[in-house]
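User: Please take a close look at one part of this model and walk me through it in one connected answer. I would like the cut-offs spelled out as you go.

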Amino acid sequence: LSLFDIGASVAVYLRKHAPDADHARTLHAVTAEQSARLLRLAKARKLDARTMRAVMDGLRDGMEAGRTRDSLVPKIDPATGVFDIFQADAPPPPTILAGRWFQLASLRKEAAALVAQGKPVSLFAFSPTPRKHRVRFADGGWWEQTGGLFGPSDRNGPRLQFPSFRQRLAAETRRISATRGLGPKEDVNETFPGA
């Protein structure tokens with residue numbers, strides 16, 4: 001219905017980002033492009049000649065308005081002090097907490113205490129079922145994975161498997177090691193309540 005805002009936007013953009021010598025050529029190209037688009041609509045009988053002229057006039061009016069429109073260019077004040085030194089200390093080693101489904105409440109308490117100390121935590125709680133696994137980032141600030149000891153944790157994995165608790169934990173730890181920053185085995189503090 002109107003090309004006014006397109007015309008104004010193009011003109012403002014050119015003022016901010018293009019050399020003055022390119023303005024007239026670019027505005028002419030935009031006008032030709034929009035005119036061709038309107039002609040296609042007219043040929044399809046979706047636009048009459050009078051409306052087409054009004055829309056093109058709106059485009060030109062917008063370009064004219066854009067030549068003088070105020071444009072907010074944020075100004076960044078110079079730094080008033082010395083920048084803080086970037087701390088390049090390595091993060092603390094991740095902690096893996098693991099246990100049975102009925103220990104989940106106590107595992108969460110332990111995870112909360114570790115997170116309060118600034119330690120990253122991945123918590124695993126397995127039930128003796130073939131239930132699919134669920135992974136979430138808990139509100140307390142740790143990763144939590146729950147599901148059946150015999151169930152799938154990956155949609156491409158087997159639907160039913162028969163690992164021991166420790167085998168399953170080792171497999172899940174390997175699976176997430178790249179994304180959670182788990183390093184060599186000795187860098188990971190493991191707790192196996194009731195394992």
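Analyst:
**Helix packing**

In helix α1, the buried residues are Gly7, Ala8, Val10, Ala11, Val12 and Leu14. Here buried means under 20% relative accessible area and exposed over 50%, with partly exposed in between (1.4 Å probe, protein chains only); helices (H or I, at least four residues) and strands (E, at least two) are DSSP runs numbered from the N terminus. This is a predicted model, in which local features need pLDDT of at least 70 and side-chain atom pairs count only at pLDDT 80 or more, while totals for chains, interfaces and linings use all residues. Residues are numbered from 1 along each chain as its sequence is written, and side-chain values use heavy atoms, with hydrogens and water left out. As for confidence, the chain averages a pLDDT (the predictor's confidence in each residue, from 0 to 100) of 87, and 92% of the residues score at least 70.

With its 14 residues, α1 reaches 20 Å from first C-alpha to last, close to the 20 Å expected at 1.5 Å a residue; the expected span is 1.5 Å times one less than the number of residues. The cover over the buried residues of α1 includes α2 and α3, where contact means heavy atoms within 4.5 Å.

Now for α3 itself, your main stop on this tour. Helix α3 spans residues 49-68, 20 residues in total, and reaches 30 Å between its first and last C-alpha, close to the expected 28 Å. Its buried residues are Met52, Val55, Met56, Gly58, Leu59, Gly62, Met63 and Gly66. Viewed down the axis of α3, these buried residues fall within an arc of 150°, so they line one face of the helix; the arc is that of the directions from the helix axis to the C-beta atoms. That buried set packs against α1 (4-17) and α2 (20-43). Arg50, Arg53 and Thr68, on the other side of α3, are exposed.

What does α2 bring to this packing? One residue to look at is Gln34, placed in helix α2. Despite its polar name, Gln34 counts as buried, at 8% relative accessibility. Leaving aside residues up to four places away in sequence, Gln34 touches Leu3, Met56 and Leu59. Met56 and Leu59 are also among the buried residues of α3.

Between α2 and α3 there is a loop, and Arg45 lies in it. The phi of Arg45 is near 60°, a positive value in a residue other than glycine. Arg45 is also exposed, with a relative accessible area of 79%. A little further along, at the start of α3, a side-chain oxygen of Asp48 comes to within 3.3 Å of the backbone nitrogen of Arg50. For reference, a polar contact is a pair of N or O atoms within 3.5 Å; within protein, one must be able to donate a hydrogen and the other to accept it, and residues adjacent in sequence count only if both atoms are side-chain atoms.

To recap the picture around α3: one face holds its buried residues, those residues pack against α1 and α2, and Arg50, Arg53 and Thr68 are exposed on the other side.
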